[in-house]
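Thanks for coming. I will go through one structure today, starting with sheets and ending with the surface. Please have it open while I talk.

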Amino acid sequence: MKAVLMEARGDAAVLRYSEIAAPEPGPGEVRVAVKAVALNHLDIWVRKGVASPRLPLPHILGSDVAGVVESVGAGVHAYKQGDAVVVNPGLSCGRCQRCLDGKDNLCPQYQILGEHRWGGYAELVVVPVQNVLPKPASLSFIEAAAVPLAFLTAWQMVVDKLQVKPGEDVLVMAAGSGVSVAAVQIAKLFGARVIVTASTDDKLEKAREVGADETVNYSSPDWFQEVKALTGGKGADAVVDHTGADYWEGVIKATAWGGRISLVGASSGYQAHTPLSHIFYRQLSIFGSTMASKSRLFPILRFVEEGRLKPVVATVLPLSRAAYAHQLLEDRRVFGKVVLEPA
Ligand code: ZN
């Protein structure tokens, strides 16, 4: 099969479009013919060695897959050849207390497809049968591939961690990212008023198209004052953030007394200054977040099917252009998802 091999850690040039042996489905597994695979910032972190630095090489990236079941391993009866599916990127043991408690993304054996095991930058990918769901009929393969990781991540932040309620002011940082695009829509679904930040007016305009009520250009150092002004001096009740050190103090100052911040990454750097007086005196809560329980993909796909959540695809490229696709995402030249299609 054709696949994009990551042969070393480094810049996008380490991704090579190659011919390799196809993986065989073992018992309980399905082999999916990939019709579309979406990129995530995770792919870049793994490529650079920031995430999973000891991963054996070569490796195949790609967490977000939509495709068609091509063959099934022993004992698989729930799906058959030709079924159109979306792949759930979280893998876990399925037996431990956390898995059985619906907290599978806290399983000691938790893995993400394309990070800890070979993913979907390929014509074929093998996953456990628990990880496939029927593709919503109303979505193309490209749209379906743009859903799982970003919407799962945003769902856990907005719904499970921040517990956003109707009428709250929710701040979503860096509106152009896939997670932020999903977070804006999920916060709107739960009745919030959504304020977004971005670095360009073009991205702010696009954020309004996906549902943002108010926009703030965070290029100026006192951007958080604008958030306060938009909330009558109060600040945001809940914040979705992954922007890192450069914006962290602003995020804290943009948050209302008693407000909540959910953090899912730190794009501009991990070593941030935290004014602790704001945390205790103003009684802020900070929730770390990564992925979501696999179960959350069920309501997400239902809302997507109903058209109440919409994946936003920025651009579609052939699988052979994975290196260029990485560059587009890394340079933040896109609003929404970059999706690759095998030939
Ligand atoms: Zn487990």
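Before the first pair of strands, a definition: two strands count as paired if DSSP finds at least two bridges between them. Also keep in mind that this is a predicted model.

Start with strand 3, residues 29-38, and strand 4, residues 64-72. They run antiparallel and are joined by eight bridges. If you want a register to check, take Ala33: its bridge partner in strand 4 is Val68. Strand 4 is also joined to strand 5, residues 84-87, by three bridges, again antiparallel. There, Gly67 has Val85 of strand 5 as its bridge partner.

Now the parallel sheet. In what order do the six strands of the open sheet come? The order is 12-11-10-13-14-15, with parallel pairing. Strand 12 (214-217) and strand 15 (285-288) are the edges, each pairing on one side only. From one strand to the next, the twist averages 20°. Inside that sheet, strand 13 (residues 236-241) and strand 14 (residues 255-263) are connected by five bridges. For the register here, Ala238 has Arg260 in strand 14 as its bridge partner.

Next, the helices around it. Helix 6, residues 201-209, lies across strand 11 (193-198) and strand 12, and its angle to strand 12 is about 165°. Helix 8, residues 245-254, has Trp248, Gly250, Val251, Ile252 and Ala254 buried. What do these buried residues pack against? Their contacts are strand 10 (169-172), helix 7 (223-230), strand 13, strand 14, helix 9 and strand 15.

On to charges. How many salt bridges does the structure hold? It holds 22. I will show three and then a network.

The first is Glu29 with Arg117, where the closest N and O atoms are 3.6 Å apart. Glu29 is in strand 3 and Arg117 in the loop between strand 7 (111-112) and strand 8 (124-128), so this pair ties together parts 88 residues apart in sequence. Glu29 is buried because its relative accessible area is 19%, under the 20% cut-off. Arg117, at 23%, is partly exposed.

The second is Lys48 with Glu330, the closest N and O atoms being 2.7 Å apart. Lys48 belongs to helix 1 (residues 41-48) and Glu330 to helix 11 (residues 322-330), so parts that are 282 residues apart in sequence are tied together. Lys48 is partly exposed at 43% relative accessible area, and Glu330 is partly exposed at 24%.

The third sits within helix 6: Asp202 and Lys206 form a salt bridge at 3.3 Å, N to O. Why can these two meet? They are four residues apart in the helix, so about one helical turn separates them. Asp202 is partly exposed at 47% relative accessibility, as is Lys206 at 31%. As for the network, salt bridges with shared partners join Asp169, Arg193, Glu214, Lys234 and Asp237.

One loop residue deserves a look. Arg308 lies between helix 10 (297-305) and strand 16 (313-318) and is partly exposed, at 47%. Leaving out residues up to four places away in sequence, Arg308 touches Gln185, Leu189 and Phe303. Gln185 is 123 residues away in sequence, yet the C-alpha atoms are 8.1 Å apart.

Last, the surface. Trp257, Leu276, Phe280 and Tyr281 make a nonpolar patch of about 580 Å². Helix 9, residues 276-281, gives the most to it, with three residues. Leu276, in helix 9, is exposed at 58% relative accessible area.

Methods:
Residues numbered from 1 in each chain as written. Predicted model: local features only at pLDDT ≥ 70, side-chain atom pairs only at ≥ 80, totals over all residues. Heavy atoms only, no water. Patch = residues over 30% accessible without salt bridge, like charges linked within 9 Å, V, L, I, M, F, W, Y side chains within 5 Å. Areas by Shrake-Rupley, 256 points an atom, 1.4 Å probe, with all protein chains shown as cover. Salt bridge = Lys/Arg side-chain N within 4 Å of Asp/Glu carboxyl O. Helix = DSSP H or I, 4+ residues; strand = E, 2+ residues; numbered from the N terminus. Buried < 20%, exposed > 50% of the residue type's maximum accessible area, 1.4 Å probe, protein only. Axes fitted to C-alpha atoms, helices over the stretch in contact; angles between N-to-C directions. Contact = heavy atoms within 4.5 Å.
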